[in-house]
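Me: I would like to go through this protein step by step, with questions whose answers can be reasoned out. Could we begin once the sequence and the structure are on view?

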Amino acid sequence: MSPIASNWLTVLAAYLIGSIPFAYVIVRLVKGIDIRTVGSGNVGATNAGRVLGKKGFLVVFGLDLLKGWLPTIGFPALLRAAGSEVMANLSILIAVAAIVGHNFPISLKFRGGKGVSTSLGAAIGLDWASALCAAGVFLVSISTNRYMSVSSVLGATAFVAVHFFQVVGLEKASPWDREHLPFSVLILGLYLMLIIRHRNNWRRILEGTEPKIGRRKAPPSGKVGIVVLGVLALAGFIAYAIVFATQARSLDLGSHRVVQLQRLKTGHQRAISPTFADRGKALAVLCPRYNRLMIYDVTPERTLKVAHDVEVEGQPLDVESTGDQLVVLQRPTGDACHVREGSVQAYDFRGARIGAPVVVGFYPSDLAILSDTLAVALCLNRVEGSADLPAPCLVVVDLKAGKVLSRLAFDGRDEAPTRVSVSSTGRNVAVTLAGTNQVAAINLENPAMPCLLGRSVLPPRGLPYPSVSGDEWILMPVASEKQVAVYRPRGEAPDRPLSDWLLSVDPEESSLDFQKMGSTTTLGQFPLRGSANLGAIRPTGLACSSERSLAAVTSRSGAVYLLGIDPMPRASAASAASVAIREQAAPR
């Protein structure tokens, strides 16, 4: 089954799950009556409670809530576990399908409930912090006025308000940009639908005939204290969450301190391949979903400011910087990548193209810079195409002349060159051959005639390691999905690579790891969190600037994290008994 078909199948399954009328089924089984003929006639938890009592209400409410929550969080996770691609905003589509299924179930001729509990379950799956605040407002309201309709709408109002506060007040983003638009439209649409579907309740409230929850006009005195304590606890949690969400986090490494300076949304969903340029004065980021090259100015205060948002000709795969330009590796979009070759395109720091694209081959996979005028690209070629395509190869590109200088073909259809690591002098490179689990060592002293020195088994170690030979060193690749960057602490000599730090991010781990080059001892882990310091992220790229003492991490959700790495005062460093982390974020 294609990824698109499997994604839409989960949306259909969410609708069918949402269509299960638990109120109708349970009342029919317990009382033998049709819930649509009693009370308000609504197929929901409130009307079920009028027939079955408090326990019946809780059971139906819980089951209806699960109809919204489980598909929203579970179906995307199942697709990822099965190795299928998850399309953008799938969770939102699933949530909508489950709610529509509850409101318009096919099993009851499209006459269902009002969607309060199922909407709450879906909201918890999409934005649990806003949902928790909404639940608190709902409980306070229902305990005072005892109108389910009024309390539901007040809770929904709180959800909308808190969500927009997070986006505008905390993320400093627009709820109508590409990233937030689908969810903003969803919650406003559900909010409007909730108000409309309660129109009969508003009429009965005005007439004084709307039934209240429970028979007592006031709760017994023994329960008043419980309600008050619950409200105070909720208010305390909300106050703590607001403070917690606005505080920066830091990591003490003994001699240095890492601080999150900024979290910025690209507005183009997925972000990859961050690269510092112009000695740390600029940061380039790729957004492959919309074929964008984002160029940020790094201000003197070390914050990011969008300078240029550039549309590239193909789908960008990697970007690297030289002294005065950015070099982008790209491939044709869609099915065109199977019949047209990928290319390398140079840009200046304002996003203007420099020359024409240099065609390198089919299915390009990685890019690296040898010098200000030379780059190398890897191409899979016939690995994913027909047998008559060229062999997988390494391509040397003359950036100044705008042409391919030389090619080195690899043997065999299954070599699959995927990553390239360049030595400190640019004279040698190491290429990961994922298909055969090998590393190829290539000499480029004469770029016009690359020379294959030999092959070795790809080490299974967790992180790349330095290999030093005379005046040159290279970071040898290993069999790992982690992305790494070398950071030179301020004051260290450039010819002492073992004094450098190796920073790494794992696509499956929401943290930035620090360790000494060539050491297996971790200096510390900086947790990376999502909006309002809540939730985990999936890192997609990493870059460092030793000149500006900065690191940048991109995420699958399209965020860019800017971190400062600053020396601590001598007294503070000497008194640090151990590496300690101050994390005001959700537990991992």
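Reply: A crossing of two helices is called left-handed if the near helix is turned anticlockwise from the far one by less than a right angle, and right-handed if clockwise. Please keep in mind that this is a predicted model.

Me: Which handedness does the crossing of α5 and α9 have?
Reply: Helix α5 covers residues 90-103 and helix α9 covers residues 181-197, and the two pack at an angle of about 10° with their axes 11 Å apart. Turned in the sense just defined, the crossing of α5 and α9 is left-handed.

Me: Are α5 and α9 roughly parallel or roughly antiparallel to each other?
Reply: Angles under 35 degrees count as roughly parallel, and those over 145 as roughly antiparallel. The angle between α5 and α9 is about 10°, and therefore these two helices are roughly parallel.

Me: Which residues of α9 make the contact with α5, and how many residues of the contact are nonpolar?
Reply: On the side of α5, the contact is made by Ile 92, Val 96, Ile 99 and Asn 103, while α9 brings Pro 182, Phe 183, Leu 186, Leu 190, Met 193 and Arg 197. Sorted by class, the contact of α5 with α9 has one charged residue, one polar residue and, as the number asked for, eight nonpolar residues.

Me: How are α1 and α4 directed with respect to each other, roughly parallel or roughly antiparallel?
Reply: Helix α1 (residues 3-18) and helix α4 (residues 54-81) pack with their axes 10 Å apart, at an angle of about 160°. Angles over 145 degrees count as roughly antiparallel, and α1 and α4 are therefore roughly antiparallel.

Me: Which residues of α4 make the contact with α1?
Reply: From α1 the contact takes Ser 6, Asn 7, Thr 10, Ala 13, Ala 14, Ile 17 and Gly 18. The residues of the contact of α1 with α4 divide into six nonpolar, four polar and one charged. Those from α4 are Lys 67, Pro 71, Phe 75 and Leu 79.

Me: Is Arg 279 buried or exposed?
Reply: Arg 279 sits in the loop between β3 and β4, and its phi is near 55°, a positive value in a residue other than glycine. A residue counts as exposed over 50% relative accessible area; because Arg 279 has 61%, the word for Arg 279 is exposed.

Me: What percentage of the 588 residues in the protein chain is buried?
Reply: The secondary structure of the chain comes to 12 helices and 28 strands. Buried means under 20% relative accessible area, and the share of the 588 residues that are buried is 49%.

Terms used: Residues numbered from 1 in each chain as written. Predicted model: local features only at pLDDT ≥ 70, side-chain atom pairs only at ≥ 80, totals over all residues. Heavy atoms only, no water. Axes fitted to C-alpha atoms, helices over the stretch in contact; angles between N-to-C directions. Helix = DSSP H or I, 4+ residues; strand = E, 2+ residues; numbered from the N terminus. Parallel < 35°, antiparallel > 145°, perpendicular 65-115°, else oblique. Contact = heavy atoms within 4.5 Å. Nonpolar A, V, L, I, M, F, W, Y, C, P; charged D, E, K, R; others polar. Buried < 20%, exposed > 50% of the residue type's maximum accessible area, 1.4 Å probe, protein only.
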